[in-house]
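User: Hi! I'm new to this one and would love a friendly tour. Can you show me what we're working with?

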Amino acid sequence: MDNSVPDFVLFLGRFHPLVVHLPIGFLFFAFVLEVFSRWKKNPVLTSGIPLALFLGGLSGVVACILGYMLSLSGDYEEAALDTHFWFGIATTAIAFLAWLIRIEKIKTSSLKKLQPNISFLTLLVILLSVTGHYGGNLTHGSDYLVKYMPFGGAEKEELVAVTKVEDAEVFGHLVNPILQNKCASCHNSSKKKGGLSIADSLSILDGGKNGEVIIAGDALNSEMLKRVLLDPHDDDFMPPEGKTPLTEEEIAILTYWIDNAQANFKTKVASVETDEIVTGIASTMLGLSAGSSGGSEIPIPSVSLVLDDKIIELQAEGFRLRELAFESGLYEAVLAPNSNENGTPDAMSKKLEKLLSIKENILWLSLENNQIKDDHVKLISQFPNIQKLKLNDNPLSDNAVEQLIKLENLTSVNLLGTKITAKSIPSFSEMKQLKYAYVWKTNIKKEDIVKVSINDYPKIIID
């Protein structure tokens with residue numbers, strides 16, 4: 001982006017995706033009115049067409065101006081941007097021309113055989129479709145429309161299906177699906193937010209405006225990982241607000257690719273040092289048996305459904321409840337970060353006590369960055385069916401980890417940014433179902449893990 005572009009201009013440009021739908025609606029409505037008036041042979045229906053055309057042209061002008069402002073960010077491929085821009089201008093110009101013809105400011109008596117009214121409206125629909133197509137390409141990539149077309153198009157290079165984890169390509173089978181699912185909508189060949197495209201290996205290696213995004217062998221200093229590990233409220237956190245963040249398992253795979261596979265694009269799992277945790281994650285991603293990833297399948301509990309009144313009551317306390325399967329009665333409960341920023345420990349205790357009223361129904365619980373203390377974990381340990389627990393960025397000690405041993409179904413716990421130490425390592429081993437313990441940015445060091453048998457502690461992810 002050109003630093004000379006004022007922030008206010010870029011701010012206004014962000015309204016282009018909102019405003020651009022107005023001319024689309026007005027102009028399509030004018031076309032529909034024309035078609036229905038001819039079909040029903042009711043000329044009264046045409047009375048609204050001049051207004052629809054005028055509003056379509058006027059809003060088209062605003063959309064073009066805002067689109068130009070948005071283009072100044074420099075995040076879009078120039079050739080595709082120019083095509084979209086000029087088609088947008090042409091559509092706006094034709095809309096005003098059609099309006100002038102409709103109100104008879106431009107006489108077309110010599111063109112009556114060509115039926116100029118319906119002809120111009122049909123042309124507008126075609127132009128709108130083409131302009132929208134190029135706009136979609138800018139936002140989602142040039143293959144957005146035809147990517148899943150069942151016939152024709154370019155032959156896609158398909159990865160060979162694997163029956164063993166060892167045969168999988170680390171990047172092709174594991175990393176690239178994550179990038180395409182979570183990152184490609186903003187970082188593709190047409191839309192390069194921050195100057196970065198992940199369309200292919202060369203684009204990834206080129207990096208973005210701030211330089212390289214991966215440092216082979218150093219995941220924590222690679223911009224790709226640093227951004228996803230930031231506080232979600234940080235302006236640089238990726239993906240941005242409104243997009244689905246990467247899961248802990250996806251972050252583990254990216255870390256494994258950069259650190260263990262040295263960010264190589266062709267390396268197979270068989271040639272890389274791979275621990276049991278990554279093997280288990282990779283097996284799940286590939287739809288294979290978890291093999292030696294450890295642990296047994298935990299049966300899905302059968303519980304009573306939660307009444308709507310109870311859901312509303314808990315939502316009023318700040319909890320976001322999402323049913324994990326239709327009419328299963330099993331929920332993910334999320335308390336947004338900083339929900340208790342100005343509260344007291346007692347206030348948090350009251351929230352948790354209210355959530356305990358449906359303790360059997362909670363399968364996943366997220367309480368990150370909410371001033372959760374050791375005493376609160378005593379309440380959390382009363383949720384019998386919790387399998388996935390996020391307590392990161394809270395002032396927790398080793399005493400809290402001891403309380404978690406009571407959660408007999410716990411398979412994953414995130415303690416990133418807490419105050420736990422190596423004293424918690426034996427507690428992890430007592431959690432028989434635990435597969436992943438995420439302890440980045442704690443007082444547990446790599447050397448603490450080395451001191452114990454890796455076979456006894458296959459669950460601790462230090463980075």
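Analyst: Happy to help; below we go through salt bridges, surface patches and a few backbone details. One thing to know early is that this is a predicted model.

User: Great, let's start with salt bridges. How many salt bridges does a search of the whole structure find?

Analyst: The search finds eleven salt bridges. A good place to begin is a network of them that links Glu34, Arg38 and Arg102.

User: Nice. Where do Glu34 and Arg38 lie?

Analyst: Both are in helix α3, which covers residues 21–39. They are four residues apart, about one turn of the helix. Their side chains meet in a salt bridge, with an N to O distance of 2.7 Å.

User: And is Glu34 buried or exposed?

Analyst: Glu34 counts as buried because its relative accessibility is 4%, and the cut-off for buried is under 20%. Arg38 has 38% relative accessibility, so it counts as partly exposed.

User: What about the link from Glu34 to Arg102, how far apart are the closest N and O atoms?

Analyst: In the salt bridge between Glu34 and Arg102, those atoms are 2.5 Å apart. This pair links distant parts of the chain, with Glu34 in helix α3 and Arg102 in helix α5 (residues 78–102), 68 residues apart. Arg102 is buried, and so is Glu34.

User: Can you show me another salt bridge?

Analyst: Sure, take Glu250 and Lys182, whose side chains meet at 2.7 Å, N to O. They also link distant parts of the chain: Glu250 sits in helix α10 and Lys182 in helix α7 (residues 170–182), 68 residues apart.

User: Why do Glu250 and Lys182 count as buried?

Analyst: Buried means under 20% relative accessible area. Glu250 is at 14%, so it falls in that class. Lys182 is buried too, because its relative accessible area is 12%.

User: Okay, changing topic to the surface. Which residues make the nonpolar surface patch?

Analyst: That patch is made by Phe8, Phe11, Phe15 and Leu18, and its area is about 440 Å². Phe8 belongs to helix α1, residues 7–13. With 55% relative accessibility, Phe8 counts as exposed.

User: And for charges, which residues form the negative surface patch?

Analyst: Four aspartates do: Asp231, Asp234, Asp235 and Asp236. Asp231 is in the loop between α9 (223–228) and α10 (248–259). Its relative accessibility is 31%, so Asp231 counts as partly exposed.

User: Does that loop have anything else worth a look? I mean, what joins Met238 and Pro239?

Analyst: A cis peptide bond joins those two, with omega at about -5 degrees. Pro239 is found in the loop between α9 and α10. As background, most peptide bonds are trans.

User: Good to know. On to backbone angles: what is phi of Gln262?

Analyst: Phi of Gln262 is near 55 degrees, which is a positive value in a residue other than glycine. For context, most residues other than glycine have a negative phi. Gln262 lies in the loop between α10 and α11 (276–286), and it counts as partly exposed because its relative accessibility is 43%.

User: Okay, and what is phi of Asn338?

Analyst: Asn338 also has a positive phi, near 65 degrees. Look for Asn338 in the loop between β2 (331–335) and α13 (345–355). Its relative accessible area is 29%, so Asn338 is partly exposed.

User: Speaking of asparagines, what does the side chain of Asn414 reach?

Analyst: It reaches the backbone nitrogen of Leu416, at 3.0 Å. Asn414 lies in strand β5, residues 412–414. With 5% relative accessibility, Asn414 counts as buried.

User: Last one. How far apart are Gly287 and Val162 in sequence and in space?

Analyst: They are 125 residues apart in sequence and 9.7 Å apart in space, C-alpha to C-alpha. Gly287 is in the loop between α11 and α12 (308–316). Its relative accessibility is 64%, so Gly287 counts as exposed.

User: Thanks, that gives me plenty to look at!

Technical notes
Residues are numbered from 1 along each chain as its sequence is written. This is a predicted model: local features need pLDDT of at least 70, side-chain atom pairs count only at pLDDT 80 or more; totals for chains, interfaces and linings use all residues. Side-chain values use heavy atoms; hydrogens and water are left out. Patches are made of residues with over 30% relative accessible area and no salt bridge: like charges are joined within 9 Å, nonpolar side chains (Val, Leu, Ile, Met, Phe, Trp, Tyr) within 5 Å. Accessible areas come from the Shrake-Rupley method with a 1.4 Å probe; for residues, only the protein chains shown count as cover. Lys and Arg count as positive and Asp and Glu as negative; His and the chain ends are not counted. The place of a charge is taken as NZ of Lys, CZ of Arg, CG of Asp or CD of Glu. Helices (H or I, at least four residues) and strands (E, at least two) are DSSP runs, numbered from the N terminus. Buried means under 20% relative accessible area, exposed over 50%, partly exposed in between (1.4 Å probe, protein chains only). A polar contact is a pair of N or O atoms within 3.5 Å; within protein, one must be able to donate a hydrogen and the other to accept it, and residues adjacent in sequence count only if both atoms are side-chain atoms.
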